[in-house]
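Please open the model in your viewer and keep the sequence panel beside it, since this tour moves from one selection to the next. At each stop, make the selection named in the text before reading on.

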Amino acid sequence: MADIISTVEFNYSGELLATGDKGGRVVIFQREQESKNRLLSRGEYNVYSTFQSHEPEFDYLKSLEIEEKINKIRWLPQQNAAHFLLSANDKTIKLWKISERDKRAEGYNLKDEDGRLRDPFRITTLRVPVLMPMDLMVEASPRRIFANAHTYHINSISVNSDYETYLSADDLRINLWHLEITDRSFNIVDIKPANMEELTEVITAAECHPHQCNVFVYSSSKGTIRLCDMRAAALCDRHSKFFEEPEDPSSRSFFSEIISSISDVKFSHSGRYMMTRDYLSVKVWDLNMENRPVETYQVHEYLRSKLCSLYENDCIFDKFECCWNGSDSAIMTGSYNNFFRMFDRNTRRDITLEASRENSKPRAMLKPRKVCTGGKRKKDEISVDSLDFNKKILHTAWHPKENVIAVAATNNLYIFQDKVN
């Protein structure tokens, strides 16, 4: 299943949308420019470029196969006509340039139109080459390859707000890179104990602050988040802030530690809040308050009674991502049965929607879905026991300015938009 989507990311304008898959491919979609007679297709995205970003490799020293699956894609802000993005598999990060060509040079002096070299003695006149129009070509070329810096699997990359550095995180370390320098990076967090048997937690996600280039956060498998300031020390092993919600002893169970592990952390666009996703909930934290989140949203609380079977089929280790809308007023995250959840932070209303071929006809309204948690099941509800745990929505993205969302359901990408009047 090489076409299973493993990451989804809008660029800064929202005009391009990139997906990465298990086969190491990156597919970029471009939004159609709206025209007077095609107002309805305002949100249509069509394939713009497809390229192979990573290939499977073999680490001969450790006898390990390195799979080509794309773990993360991050766009860089556009500076000129070309677009740049970072893509990472387990070990290597690449900087790709995506550019357009619609002209080609003709009328060379030293070679014919078909490319063969001309005899220099037969050249009697000097020609000035001219640019001729040609069909549009979109080219992707790797400009930098950042390798050999991670012993463990890369789980996050995040471009800094200075736009010239970025960080990459694996299970035990976080490195800071300069976008122009590939042969060295700075290790800014290292939680590896001297004796690996004393290992109690791993890094699960990391992100740079959207406005302060010296601040970043990273989350752990113990459900805690550490905020670090690079001005304090070169090695940020001592955090500046430590966010943790005290556990309710009455709800403690065998699974408490597993389900408290944080699978994703995202700063709000404003930089005031951050959102974390654990197995059953999404929490919004105010950066000024470390002892508890300001908002908690239950994503699929009805699964609490099913943790035993979810542990047996390994679903309890699924890593769901979360995202903010452009104005930070709503958040979105995925669930099982191809369901995804949206929460309005102002009204505290929430909705469950389904991304599936049966329910998502083009331009049809999505109907809210309800899961029956107990008692008698109503007509349009679905019972917990009939949820399909193989159909899961781990990766979602929200357009930075509009209500357009991208939802990856296994090997299908769904794009939904606000109803157009």
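Before selecting anything, note that a residue is called buried when its relative accessible area is under 20%, exposed when that area is over 50%, and partly exposed in between, with a 1.4 Å probe and protein chains only. Helices (H or I, at least four residues) and strands (E, at least two) are DSSP runs, and they are numbered from the N terminus. The model on your screen is predicted, so local features are reported only at pLDDT of at least 70 and side-chain atom pairs only at pLDDT 80 or more, while totals for chains, interfaces and linings use all residues. Residues are numbered from 1 along each chain as its sequence is written, and side-chain values use heavy atoms, with hydrogens and water left out.

**First stop: strand β24**

Select residues 330-334, which make up strand β24. Which way do the residues of β24 point? A330, M332 and G334 point one way, I331 and T333 point the other way, and all are buried. The strand is accordingly described as mostly covered, with five of its five residues buried.

**Second stop: the sheet around β24**

Now widen the selection to the open sheet of four strands, whose order is β23-β24-β25-β26 and whose pairing is antiparallel; two strands are said to pair if DSSP finds at least two bridges between them. At the edges are β23 (322-324) and β26 (350-354), each of which pairs on one side only. Neighbouring strands here are turned by 20 degrees against each other on average, direction ignored, where the axes are lines fitted to C-alpha atoms (for helices over the stretch in contact) and angles run from 0 to 180 degrees between N-to-C directions.

Add residues 339-344, strand β25, which pairs with β24 over five bridges in the antiparallel sense. Across this pairing you will find I331 opposite F343 and A330 opposite D344. The hairpin of β24 and β25 has four residues between the strands, and N337 takes a positive phi near 65 degrees in it.

On the other pairing, β23 and β24 are joined in the antiparallel sense over three bridges, and W324 stands opposite I331. These two strands also form a hairpin, with five residues between them, and D328 in its turn has a positive phi of about 65 degrees.

**Third stop: V284**

Select V284, which you will find in strand β21 (residues 281-286). Is V284 buried or exposed? V284 is buried, because its relative accessible area is 0%. Apart from neighbours within four places in sequence, V284 is in contact (heavy atoms within 4.5 Å) with several residues, among them W324 and I331, the pair that you met as opposite partners in β23 and β24.

**Fourth stop: helix α2**

Move on to Y311, which lies in helix α2 (residues 307-312). Y311 counts as partly exposed because its relative accessibility is 34%.

**Last stop: the sheet of β1 to β4**

Finally, select the open sheet whose four strands follow the order β1-β2-β3-β4, again with antiparallel pairing. Its edge strands are β1 (5-10) and β4 (45-52), and each has a single partner strand, so one side of each is left without a neighbour in the sheet. Strand β3 (residues 25-31) runs antiparallel to β4 and is joined to it by seven bridges, and R25 has Q52 as its bridge partner in β4.
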